[in-house]
Every structure is written in C-alpha cells, then in structure tokens.
Amino acid sequence: MISFDSVKNADLHCHSNVSDGLLTPAAVVERALDNGVDLLALTDHDEVAGLAEARVTAEARGLTLVNGVEISIEWASKTAGVTANIPIHVVGLGVDARCPALTQGLETIRNGRYQRAERMAAALDKIGLRGCLEGALRYSSNPTLVSRAHFARFLVESGVAADTKAVFDHYLVPGKPGYVEHRWATLDDALGWIRAAGGVAVVAHPGRYKMSKRALRRFMGEFKDGGGVALEVVCGSHTTEHVKQFARYAREFGLAGSRGSDYHGPGESYVDIGCLSKEWPEGVTPVWAQLL
Ligand code: AMP
Ligand code: MN
Ligand code: MN
Ligand code: MN
C-alpha cells in the first residue's frame with residue numbers, strides 16, 4: 001500500500017462497465033496504471049460489484065486500490081428556501097463492500113433505476129423513438145444499472161444525434177422529452193450507508209449541479225453536519241475557477257478535498273483516467289490522508 005507522502009497521482013472517481021463506463025474493472029485498473037495513477041478508487045454508480053475484479057488486477061500489478069461507490073441521491077433542504085429535489089452524487093471511499101446496510105441500500109436504488117428506465121422509454125416512445133429500453137439494455141451489463149448514458153449510446157446508434165453529449169442536451173436533461181423525475185435516495189441515506197460501511201463521504205463534481213450558490217452552500221452545510229468528509233475539488237468537469245471556488249468551500253466548511261477524473265471510457269469523458277491537472281489548492285487537506 002502506498003504511503004500518503006508518496007502519492008503523486010490519485011484518481012478517486014471513475015467507472016467501469018459494471019455501471020455506465022465502457023471498460024471492464026480490470027481494464028480500468030490497467031489504464032490507470034498506464035497513465036501513472038498511484039492511488040485509484042473505482043466508483044461505479046450505485047454498485048460495488050466491480051471492486052473484486054478491480055482488486056485482483058490492482059494487487060497483481062501493485063497498485064493501491066480504494067473501494068468506492070458513487071451514490072445517486074436527490075436533495076431538498078431541511079430548512080426553508082430550497083424546495084426542489086436536486087439530483088446530486090455522493091461518492092463513498094474506503095467502504096466495506098460487504099456491509100449489509102450499504103449493499104441493501106444500493107439495491108433499493110438499483111430497483112428504482114429500472115423502473116425509471118421504463119418510464120424514460122415510454123416518454124421517448126411518445127415522441128416516436130421506439131424500442132429505447134431494449135436498446136439501452138443492450139449497452140448495459142446489468143439491467144438494474146441501466147443509466148441515461150446507455151440510452152444516449154443507443155440513441156447515437158439510432159442516428160438521432162451525433163454524439164452522447166448532443167443526445168443529453170436534446171433528450172435526456174430536465175425539460176427535454178426523455179427526462180423523467182425520479183426519487184433517488186436521500187442525503188441521510190447515503191451518509192448513513194457510507195458511515196455504516198466504514199467509509200468517508202465525498203460530494204462528487206460539485207461544479208455540475210444546477211443550483212444557486214445559496215442552495216449549494218446550504219447543501220455543503222447539511223453534508224458536513226451529517227458527517228460528510230470531503231468534496232471533489234480537482235475533477236474532470238471542473239474549470240480552474242471551479243477548483244478555486246471549491247477549495248474555498250472546503251476550507252470554509254472544514255471539508256477535505258478529493259481528486260477524480262470521473263472517467264467513463266474512451267471518447268466519453270472530460271479527461272482520461274489519471275490525466276487531471278497537477279494543481280492542488282493551498283490549505284486543502286487531501287482526502288486520501290484518511291484512506292491510507
Ligand atoms: P443517470 O445516473 O442514469 O441519471 O445518468 C447519469 C450519467 O449520465 C452520468 O453519470 C454521466 O455518466 C452521464 N451524463 C450526465 N449528464 C451528461 C451530459 N450532459 N453529457 C454526457 N453524459 C452525461
Ligand atoms: Mn456516469
Ligand atoms: Mn456523477
Ligand atoms: Mn461519476
């Protein structure tokens with residue numbers, strides 16, 4: 001296991017084809033090694049089943065692997081003023097993948113995912129896009145982990161848009177015909193499952209949420225009060241401005257900082273695994289201090 005002082009290239013957020021990534025868990029680990037990652041967390045959406053395969057490869061190749069998961073929640077503030085349910089992702093790092101509270105909690109989310117996919121397909125059918133559930137399932141290794149990303153890949157194949165980003169923009173985001181509201185887990189659920197599994201909770205890609213600064217700050221406060229530990233400061237979808245903004249939030253809310261590419265596969269991601277900017281903000285404690 002690598003020591004804290006030796007870590008030069010941590011990547012604590014990425015996906016395999018167990019969820020909506022394109023590579024197998026073993027191939028994710030191989031690619032991370034090729035790209036110089038020395039501390040890796042595989043963080044599939046709502047599932048820990050890829051970790052065993054990733055661990056076999058990581059151990060064979062001498063890479064330190066941290067167990068991870070990215071949990072889909074929706075958040076509505078407990079205090080007045082923020083009413084909407086906002087989808088947010090909470091990464092759990094250093095979790096015991098066999099913890100029943102975690103595995104059973106994730107199972108409830110996965111069951112909801114399949115039902116949402118049926119409703120998405122019905123909505124897309126209404127605008128003349130047929131067979132989207134079956135199509136999306138062809139891209140997914142597990143029907144209960146079917147994601148908007150799998151719908152997007154099928155819709156690219158169908159020729160409705162040139163790439164997955166264009167499919168999201170025209171069909172799969174709020175206000176577009178294939179988007180359906182969904183009840184995910186709550187913030188308290190995710191924090192409780194991660195705590196029960198002995199892990200630390202991290203706010204994923206905070207720069208991507210469509211919410212006001214006021215709401216985001218309220219979220220950070222509730223996250224910290226509920227036992228949350230870190231937020232992603234350096235991540236694939238963050239600009240230099242985001243890095244500065246979330247470094248300020250980390251210092252202000254007493255949260256550590258995490259670093260992760262959110263890599264999903266060749267041609268589908270903001271940045272390749274292990275290829276994040278080397279900058280690290282002053283005064284922000286790396287979350288891996290608590291993982292090693
Ligand atoms: P879901 O969890 O099924 O709602 O799908 C969310 C996933 O879709 C994210 O984890 C990303 O992999 C992908 N995604 C979300 N928004 C976009 C976007 N605008 N362009 C491309 N992929 C996206
Ligand atoms: Mn994804
Ligand atoms: Mn995410
Ligand atoms: Mn992710």
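This briefing walks through the metal sites, the sheet, one helix and two backbone oddities of the structure above. The model is a predicted one. Two manganese ions, ligand 2 and ligand 3, sit 5.5 Å apart, and the chain also has 7 strands arranged as an open sheet. H205 is worth keeping an eye on, since this residue turns up both as a metal donor and as a non-glycine residue with a positive phi.

**Manganese ion (ligand 2)**

- The protein side of this site is made up of D20 (OD), D20 (OD), H45 (NE2) and H264 (NE2), at 2.1 to 2.8 Å from the ion.
- If you like sequence patterns, the donor residues read D-x24-H-x218-H.
- Two of the donor residues come from separate loops: D20 from the one between β1 and α1 (25-34), and H45 from the one between β2 and α2, 25 residues apart.
- The geometry is irregular, with 6 donor atoms and angles among them running from 51 to 158°.
- For reference, six ideal octahedral donors would give angles of 90 or 180 degrees.
- D20 has a relative accessible area of 6%, so this residue is buried.
- H45 comes in at 8% relative accessibility and therefore counts as buried.

**Manganese ion (ligand 3)**

- Here the protein donors are E70 (OE), H89 (ND1) and H205 (NE2), lying 2.1 to 2.2 Å from the ion.
- Along the chain, their spacing is E-x18-H-x115-H.
- This site brings together strand β3, which holds E70, and strand β4, which holds H89, with the two positions 19 residues apart in numbering.
- E70 is at 1% relative accessibility, so this donor counts as buried.

**The sheet**

- The strand order is β1-β2-β3-β4-β5-β6-β7, and the pairing is mixed.
- At the edges you'll find β1 (10-11) and β7 (256-260), each of which pairs on one side only.
- Helix α9 packs on the sheet and touches β6 and β7, and the direction of α9 makes about 160° with that of β6.
- β1 runs parallel to strand β2 (residues 39-42), and the two pair over 2 bridges.
- Within that pairing, D11 stands opposite L40 in β2.
- As background, strands of a sheet pair through backbone hydrogen bonds, either parallel or antiparallel.

**Helix α8**

- Helix α8 covers residues 213-225, 13 residues in total, and spans 18 Å from the first C-alpha to the last, close to the 18 Å expected.
- The buried residues of α8 are A215, L216, F219, M220, G221, E222 and F223.
- Those buried residues pack against β3 (64-75), β4 (86-93), α7 (187-196), β5 (200-203), β6 (230-235) and α9 (240-253).
- After α8 comes G227, with a positive phi near 105°.

**Positive phi away from glycine**

- Most residues other than glycine have a negative phi, and two residues here go the other way.
- D46 isn't a glycine, yet its phi is positive at about 55°.
- You'll find D46 in the loop between β2 and α2 (51-61).
- D46 is at 0% relative accessibility, so this residue counts as buried.
- H205 isn't a glycine either, and its phi is positive at about 25°.
- H205 is placed in the loop between β5 and α8.
- With 3% relative accessibility, H205 falls under the 20% cut-off and therefore counts as buried.

Note on methods. Residues are numbered from 1 along each chain as its sequence is written. Chains are lettered from A and ligands numbered from 1 in the order in which they are written. This is a predicted model: local features need pLDDT of at least 70, side-chain atom pairs count only at pLDDT 80 or more; totals for chains, interfaces and linings use all residues. Side-chain values use heavy atoms; hydrogens and water are left out. Helices (H or I, at least four residues) and strands (E, at least two) are DSSP runs, numbered from the N terminus. The expected span of a helix is 1.5 Å times one less than its number of residues. Buried means under 20% relative accessible area, exposed over 50%, partly exposed in between (1.4 Å probe, protein chains only). Contact means heavy atoms within 4.5 Å. Two strands pair if DSSP finds at least two bridges between them. Axes are lines fitted to C-alpha atoms, for helices over the stretch in contact, and angles run from 0 to 180 degrees between N-to-C directions. Donors are N, O and S atoms within 2.8 Å of the metal (3.2 Å for Na, K and Ca); water is not among the atoms, so sites may look incomplete. Four donors count as tetrahedral if all angles lie between 85 and 135 degrees; four count as square planar and six as octahedral if opposite donors are over 155 degrees apart and all others between 65 and 115; anything else is irregular.
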